[in-house]
Structures are given as C-alpha cells and as structure tokens.
Amino acid sequence: MQLPPWRKAVLLSAGLFCITGFASQDARAFDFFGLFGSRDTPPAISPSTVPYALTFQVAGDPDDVEQALENASTLYRLRGDAPVDGDALVRRAQADFGPLLDALWGLGYYNANMVFEIGGTVLRIDSDPTAAIRVAESYRNRAVVPVVARVDPGVLFELRNIEVSDARTRRPFSAQELPPRVVKLEPGDPARAADLRAAQARMVDHFRAQSRPLAKAVAIDPVVFHPTRLMDVSYSLDPGPIAPIGNITVTGTQNVDPAVVRSFIYLEPGDPYSPDALADTRKSVGTIQALSSVRIREAETLDEYGRLPIFVEVTERAPRVVGFSARYSTIDGPAVRGYWEHRNLFGGAERLRLEADIFLAPRNDGTRIKRVGDLERSDIGGRFRASFLKPALGGTRNDLLIDGLIERDRTGGDRYGGYTSRLIDGTAFIRHRFSSTFSAQAGFQVQRGQTSDVLGQIDYLVVGTPASLTYDSTDRPLDPTQGFRINASVSPYPEFLGSSVGMVVSRATASTYYALDEDARYILAGRIGLGSITGADLDEIPANFRFFAGGGGSVRGFRYRSLGPIGPLGQVVGGRSLLEASLEARIKITDTIGIVPFIDAGGAFESSFPDFSEKVRVSAGLGLRYYTAIGPIRLDIAAPLDRRPGDKPLSLYVSIGQAF
C-alpha cells in the first residue's frame with residue numbers, strides 16, 4: 001500500500017513516541033486517532049484458531065481501489081477475529097468475491113478479475129476450496145496464514161450516452177427543466193455506479209427544491225458494452241406536481257404545550273414546499289430544551305386541496321437535570337461548578353436553571369499562592385446565577401428571559417495586571433423570533449457593583465435598556481461550513497434612569513464560512529469583532545465594562561485579557577473600544593483529522609472608537625482537529641508575531657468546537 005507523505009510522517013512520529021515512552025500494548029491503549037495501526041497486527045498464534053494476515057495487491061495501483069476493497073471486504077473487517085479452522089477462513093474468502101466485485105463495478109471496472117492466494121494456493125470464485133483449506137490448516141499453531149487478494153481491475157469503463165426522461169410523458173427533459181449542472185454526467189466520464197446513483201439523487205432533489213414534494217426516481221437502466229468498455233445509461237424520473245405546504249400537525253407532546261412547539265415552526269399552510277424549509281423547521285424545534293428528538297414526516301399523498309400535509313413528531317426528555325464539573329487551569333487554578341435545571345417547569349417548556357461556580361481567583365498584586373497556608377479569604381471567587389426562560393408567550397413567537405447574577409471575581413495574575421469586581425445584576429428581556437435564523441430582543445438591566453484596579457476604586461449603579469439582534473444562517477453550531485453569524489448589541493445606561501455612570505456600550509461580531517468544495521473539506525472562515533463605549537471617560541467606567549483583547553476567543557498566542565491601554569505601573573487597564581479579526585483555513589486530511597492554519601489580530605484602545613493609538617497585535621498558529629459526532633475537538637498552537645517582554649513564544653488551547 002502506497003502511503004501519502006503526510007501519513008508516513010505521522011506514522012513515523014507515532015512509532016518514535018511508542019519506542020521512547022510506551023510498550024506497544026500501552027501505546028494502543030492511548031491510540032485515540034488510530035495512528036498506531038494496532039488493528040493490522042494479526043492475533044497471536046494459537047492451537048485453537050487460524051490467524052491470518054490479508055494483503056491487497058492491485059494491478060496498476062489505482063488510488064481509489066484498495067480503500068473500496070477494504071470497505072467491502074468481510075475478510076479485512078474481521079482480520080482481528082481469527083477463524084477457528086482453515087475451512088472457516090476459506091469460507092470468509094469465498095464470501096468476499098461478490099462484495100469485492102460489486103465494489104469494483106461500483107468504481108467503473110466491469111471487466112475486473114480477482115483471486116485469493118491462501119498460503120500460496122490459488123482460490124478462484126468457482127474453484128474447489130479443498131486444497132486451500134488443507135494449506136490453511138497446515139499453519140495452525142505454527143504461523144500466521146498469508147492471504148493475498150490479487151486484483152486486476154482492468155480498464156475503467158466510460159459513459160457514452162446519458163438520457164433522462166419524464167416517466168409520465170417518456171420524453172427527455174429539456175435543459176431548462178433539468179440543467180446539465182444538476183446531472184453532472186457527460187460522455188467520457190468514468191462509468192462509476194456511485195456517480196450514477198449520486199446523479200439520480202441530485203435530479204430528484206432538484207425537482208423537490210422546485211416545490212415538487214412527490215418527485216421520485218422511477219428507474220435507472222445501465223447497459224454495459226464489454227468489448228468497447230462503454231456504458232449507456234437512461235434515467236426515468238417522475239417530477240410530480242407542484243404543491244404547497246398543507247396542514248402542519250404536531251404529535252408526541254405529553255407534558256409540553258403543543259402551542260409552544262408550533263411557535264417554533266415558521267412554516268404556514270400555503271407556503272411553497274421546500275426541503276430546506278423542513279430542515280430549518282427540524283433545527284428550530286430542536287432548540288426547545290424540553291424535547292429530546294424531532295422528526296419531520298411528509299405525507300405520501302397530497303390532500304384534497306393539492307397540498308402536502310406535514311407531521312412534526314417530537315419526544316420529550318426528562319424534565320430535571322443535575323450536573324457537576326471540576327476543572328484546573330495552569331493560569332487560573334482549580335474551579336468547581338454545579339447546576340440544577342428544570343426544562344418544563346409549568347408545562348410550557350419553561351426552563352429554570354440554578355448554577356454556582358467556586359474558583360480560585362488569580363492575584364493581581366504580584367504575589368502568588370504557593371501553599372495552602374498562603375490562601376486568604378479574598379482568593380476565593382464565586383458566581384451564582386439564576387435564569388428563567390418562558391418561550392412562546394401566549395403561543396406567540398415572543399420569549400421572556402429573566403436572569404440574576406451575584407459575582408465576586410478577580411482577573412489578571414501577572415505583570416499585565418487585572419481588576420477585582422463585586423456585583424449583583426438583574427436583567428429581563430423580551431425576545432422576538434422573526435425566523436429560525438433571525439431574532440431580536442430588548443429589555444431592562446440593573447447592576448450594582450464595585451471594581452478596583454490601578455486606576456482606582458469605582459462604586460457604581462447602572463440602569464439601562466439593552467437591545468440586541470442575532471442572525472445565524474450557519475449549518476452546524478460547533479463546526480459551520482457555510483453561512484453567516486452576526487451578533488450586535490447596544491446597551492445605553494443613561495443618568496436619568498439612575499445610572500451613576502452615563503454611558504452607551506455597543507458591541508458587534510460577525511463571522512462567515514465558505515466551503516471551497518462540495519464535500520466541505522476545505523473551508524475559509526473569517527471573523528471580525530468591534531466594540532465601543534461612549535459617554536464617559538476611561539477612569540469613570542467600571543473595569544468589568546471595559547474592553548480587553550487576547551486569549552483563546554480573541555487573539556490567540558497572547559495571554560487572556562492582556563491587550564489594551566497601559567495604565568500606571570505598566571498594567572493593562574482596558575479600553576473604550578475594541579477591534580478583533582481572525583482568518584482560518586480549515587482543511588480535512590481524513591474524515592476525522594484536519595489541520596487549521598490561522599492568523600489573529602486585535603487590540604483595545606483608549607478612545608471610544610478604534611484609532612490605533614495602541615498597537616494592533618498579530619499572532620499566527622496551526623490547529624489540529626479531531627472530528628467527532630458531537631463536534632471537532634480543537635487543539636491550537638499560537639505564537640505572537642510581535643512579542644512583548646514576558647509574552648510566551650507559544651500558547652496551547654484545547655476545547656470542543658471550532659474557535660468561532
């Protein structure tokens with residue numbers, strides 16, 4: 001098997017790691033990414049089994065053939081489970097002939113030939129297996145049986161004629177009815193069965209996207225001409241009638257008010273049918289935390305008005321949940337968190353969540369905690385939050401959100417300084433959902449607190465009317481491949497409402513994602529963030545309202561909240577404006593492993609709008625992604641491109657989900 005250079009390098013690194021630090025068995029225990037190849041090691045020689053080692057030898061070595069054969073082969077898939085005797089081994093090989101030839105035909109090799117060699121004895125699809133069984137048995141308790149699959153794919157067949165016709169009229173579709181860009185098959189293309197099936201699916205999807213929900217494939221008829229190595233293929237499709245959405249029925253609710261579920265469905269009877277709209281509906285209803293699953297089912301026939309009925313089938317989850325977590329940071333130290341949540345408090349999917357954090361607050365006076373005896377009462381930070389959500393007020397698309405927070409925090413802990421804050425905060429918002437992607441909210445906030453840093457101590461009361469809007473058209477929350485995200489907020493705290501500091505805090509972030517290929521293996525992602533505080537001088541603004549840059553969610557490579565205007569004693573005091581930007585290239589090497597080169601830039605400024613009086617810091621780095629069903633596990637290594645005294649040359653970040 002010919003390995004690409006990157007995989008050779010990874011395997012070599014894994015081998016060196018195994019030699020220097022682990023025995024082979026221990027290395028397999030930590031082989032999360034499958035880099036050590038432990039599955040390719042045959043089982044141990046035994047008197048009760050006949051282990052074997054399988055090798056594929058493909059004539060011409062087409063790149064895509066060996067992987068397809070491995071995926072189709074039972075002999076390969078069960079190589080770690082040794083058969084009990086030679087007869088069982090040969091039966092496995094015989095059972096592989098059909099799937100392997102199907103795999104070759106699926107790749108367009110319709111004149112393919114293959115044989116197995118078991119211990120040097122040839123086994124053909126129609127040969128007597130007795131000799132192969134006898135040879136396999138001779139290896140028992142002596143050695144691993146060498147099994148070689150010799151494959152000659154032959155010449156790749158090509159398409160000659162492609163015809164797509166309407167099953168109702170038997171006439172071919174015109175280019176206007178079915179554009180060639182949808183079919184994507186042309187004479188001379190490889191006659192791969194997988195490509196033919198994919199084209200059929202694209203054509204059906206094309207008609208369904210034109211509000212034809214009953215579109216279906218009636219037949220596909222490939223004709224192979226072996227002497228000329230060509231294929232003609234004809235499709236028969238029934239596009240079905242154009243039909244709008246019919247009645248929408250919600251089922252499966254037992255303790256949750258169906259009106260709440262209906263408020264998260266933005267389709268209405270009479271709307272044009274759209275598969276994308278149904279997918280958005282499933283995503284929207286899935287945001288109701290009282291539900292565990294959502295299924296959108298389409299009726300098989302139209303109703304008496306020519307509309308397509310839709311059924312939204314949901315299941316509910318357990319209403320109560322309790323959680324606990326502990327963490328440790330080399331910067332911030334230990335922390336514990338616990339929460340209790342009720343997801344359906346009054347039967348309307350109301351969510352009440354109580355959450356408490358206790359953590360070791362980093363010191364910002366230059367001293368450090370070296371032993372338990374150094375611990376002081378002021379070193380303990382805490383946060384208690386209570387939040388309540390009432391969705392779908394009166395069955396509308398308006399939600400009520402109420403939050404309360406009590407917090408004692410301290411930031412910093414190094415030469416860049418920090419601040420201490422104590423506060424109590426309460427907010428109440430009404431959020432209106434215009435669609436599954438766009439919402440806006442406005443409300444009332446009261447916060448009383450105290451902050452202290454090198455600029456002094458501020459005792460404050462702010463009373464404001466924050467408002468914000470959110471737009472999110474991305475396809476995945478933790479690993480987006482397309483779409484936009486925009487969050488913008490403005491929070492005025494006028495003195496006539498009772499605020500001791502009259503100011504307006506504004507912030508906006510936007511990110512976009514663009515896939516360079518159909519499989520979304522190459523994605524460009526960009527993000528920009530802006531912030532501004534107007535109406536008050538810097539030393540009048542409580543420290544916890546000021547803007548800071550730096551850290552994993554900002555400018556990677558620089559310490560968290562270490563970028564901003566410098567105050568007395570050379571410490572960062574935060575600014576009245578903020579600018580952040582990031583650019584990433586997300587590249588999948590395999591289905592589970594990817595790399596992400598990135599560059600970040602940003603800074604905070606003393607002025608109310610970025611005037612670049614403070615330097616914009618830039619960093620660059622490389623990330624590793626391990627893709628799971630939940631989302632990618634992220635490991636980023638970043639380096640400042642313009643280091644300051646005290647900055648580390650490299651910083652490491654680990655989390656779940658993409659950086660933005």
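Which residue lies over the face of Phe598, and at what distance from the ring centre? In this predicted model, the residue in question is Arg556, and the distance comes to 3.8 Å. Another arginine shows up in a similar role: the charged end of Arg527 sits over the ring of Phe660, 5.7 Å from the centre of that ring.

Rings also meet other rings here. Searching the whole structure turns up 10 aromatic pairs. Take Phe434 and Phe438: their ring centres are 4.9 Å apart and their planes make an angle of 20°, so this pair counts as stacked, given that the label applies to planes under 30 degrees apart. Both numbers are needed, as a pair of aromatic rings is described by the distance of the centres and the angle of the planes. How open to the outside are these two residues? Phe434 has a relative accessibility of 46%, so it is classed as partly exposed. Phe438, at 29%, also counts as partly exposed, because that class lies between the 20% limit for buried and the 50% limit for exposed. Elsewhere, Tyr460, Tyr493 and Phe545 come together as one aromatic cluster.

Now for the strands. Strands of a sheet pair through backbone hydrogen bonds, and they can do this in a parallel or an antiparallel way. One open sheet is built from 3 strands in the order S5-S7-S6, with mixed pairing. Its edges are strand S5 (158–166) and strand S6 (216–225), each of which pairs on one side only. From one strand to the next, the twist averages 15°. Helix H8, covering residues 193–209, packs on this sheet and touches S5, S6 and S7, with its direction at about 25° to that of S7. Within the sheet, S5 and strand S7 (residues 230–238) run parallel and share 7 bridges. A spot to look for is Asp166, which stands opposite Leu237 in S7.

Further along the chain, the antiparallel style appears. Strand S21 (residues 503–515) and strand S22 (residues 522–534) run antiparallel and are joined by 12 bridges. Across this pairing, Ser506 stands opposite Ser532 in S22. The hairpin that S21 and S22 make has 6 residues between the strands, and in it Ala520 adopts a positive phi near 55°. S22 has a further partner in strand S23 (residues 577–588): these two also run antiparallel, with 11 bridges joining them. There, Ile523 stands opposite Arg586 in S23.

Definitions and conventions: Residues numbered from 1 in each chain as written. Predicted model: local features only at pLDDT ≥ 70, side-chain atom pairs only at ≥ 80, totals over all residues. Heavy atoms only, no water. Pairing = 2+ DSSP bridges. Helix = DSSP H or I, 4+ residues; strand = E, 2+ residues; numbered from the N terminus. Axes fitted to C-alpha atoms, helices over the stretch in contact; angles between N-to-C directions. Contact = heavy atoms within 4.5 Å. Phe/Tyr/Trp six-rings, centres within 6.5 Å; stacked < 30°, edge-to-face > 60°. Buried < 20%, exposed > 50% of the residue type's maximum accessible area, 1.4 Å probe, protein only. Lys NZ or Arg CZ within 6 Å of the ring centre and 35° of its normal.
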